[in-house]
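Work through the exercises below with the sequence and the model side by side. Try each task before reading its solution.

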Amino acid sequence: INAEYMGNQVCWWLRILITMPFVKVVKSSSYFSRRQVKWRRRREGKTNYVKRRRLVQQAKNKYAMPKYRLVVRFTNTDIVCQVTMAKIQGDFVIAAAYAHELTIHGVPIGHTNYAAAYATGLLVARRTLTKLKLADRYVGLEKASGEDFNVEHESGPRPFKAFLDIGLHPATTGARVFACLKGACDGGMNVPHSDKRFAGYNKEKGELDSAKLRHRIMGLHIAEYQRKLLREEPDKYKEQFSRYIEHDITPDKIEAMYLHCHASIRALPNAKLLSETFIV
């Protein structure tokens, strides 16, 4: 080691020692003695408690009246829609619907796309209203047209009201969580919303293109992609849509499949898979 290098190192340490008394100690013992650890689910990145508090808090003049939430969550292979209410003991689920249940309504595959999200929202709405004996009074929008729909109170019991809870999912235009919202509204539930987050909303014009939204609800965007691959890359089509081929679902059958699914959900909202024994 040469002398010049050693001299530079010594000078560097001297500069640190000279300036050390003037460096502000940020994380002192006082800091650590007052530090409050965040709640476990916040540390794990599972719950946004600021958003949850706003969704759960009830007005004081409503006393113990429950405040219902339409909770929508996505996994890699499924969609979960639940109608819940918060109590001191925790959240209580009033009704729940899962995308894998669409198999018994005629949709054996594609349980995480936009059309499946709409159908799952429709299923949880019809199931909730059936349980509360409001299904006949609030039918909703019987044929999915893509137009914005809000259930109206005429006489008797008011429509069942719930607030959308999307958790940590970003609220982007065209997101599948809002397809679940659309399905629940068309199913007869009162979920306060704006049409600005539905697929087909034009920000420049400030209006919703209902034809584009219906195009997504019926899965026609999937049919278009199928036709494109069949025309341009047949090998990729066989690989990517192998399960569609296995169930003999061609591009021309997709719209009819989802129309049958919507009708089946309205006819039998409480139908369950044979492998599931829990009661909704």
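The exercises that follow go from the whole chain to its salt bridges and then to its empty spaces.

This is a predicted model, in which local features need pLDDT of at least 70 and side-chain atom pairs count only at pLDDT 80 or more, while totals for chains, interfaces and linings use all residues. Residues are numbered from 1 along each chain as its sequence is written, and side-chain values use heavy atoms, with hydrogens and water left out.

**Exercise 1. Describe the protein chain as a whole.**

Step 1: The protein chain has eleven helices and six strands, where helices (H or I, at least four residues) and strands (E, at least two) are DSSP runs numbered from the N terminus.

Step 2: Of the 280 residues in the protein chain, 36% are buried; buried means under 20% relative accessible area, exposed means over 50%, and partly exposed lies in between, with a 1.4 Å probe and protein chains only.

Step 3: Among contacts with a separation of 6 or more, 63% are between residues 24 or more positions apart, a contact being heavy atoms within 4.5 Å.

**Exercise 2. Examine three of the salt bridges and the surroundings of their partners.**

Step 1: The structure holds eleven salt bridges, each a side-chain nitrogen of Lys or Arg within 4 Å of a carboxyl oxygen of Asp or Glu.

Step 2: Arginine 40 and glutamate 44 meet at 3.3 Å, N to O; arginine 40 counts as partly exposed because its relative accessibility is 46%, and glutamate 44 counts as partly exposed because its value is 41%.

Step 3: Arginine 69 forms a salt bridge with aspartate 91, with the closest N and O atoms 2.9 Å apart. This pair links distant parts of the chain, 22 residues apart, with arginine 69 in strand 1 (residues 68-74) and aspartate 91 in strand 3 (residues 90-98). Arginine 69 counts as buried because its relative accessibility is 4%, whereas aspartate 91, at 35%, is partly exposed.

Step 4: Aspartate 252 and arginine 227 meet in a salt bridge at 3.0 Å, N to O. Here too the pair links distant parts of the chain, since aspartate 252 lies in the loop between helix 10 (242-246) and helix 11, and arginine 227 lies in helix 8 (residues 220-232), 25 residues apart. Aspartate 252 is exposed, with a relative accessible area of 64%, while arginine 227, at 36%, counts as partly exposed.

Step 5: Salt bridges that share partners join Arg52, Arg69, Arg73, Asp91 and Asp165 into one network.

**Exercise 3. Which residues lie closest to the centre of the second largest pocket, and which elements supply its lining?**

Step 1: A pocket is found on a 1 Å grid over the protein atoms alone, as an open set of points where a 1.4 Å probe fits, with protein on both sides within 12 Å along at least five of seven lines; lining residues have an atom within 4 Å of a point.

Step 2: The second largest pocket has a volume of about 310 Å³, the volume being the space filled by probe spheres set on grid points joined across faces, edges and corners. Of the 18 residues that line this pocket, Thr47, Arg52, Arg69, Arg73 and Asp165 are the closest to its centre.

Step 3: Helix 4, strand 1, strand 2 and strand 3 each supply at least two lining residues, and helix 4 gives the most, with four.
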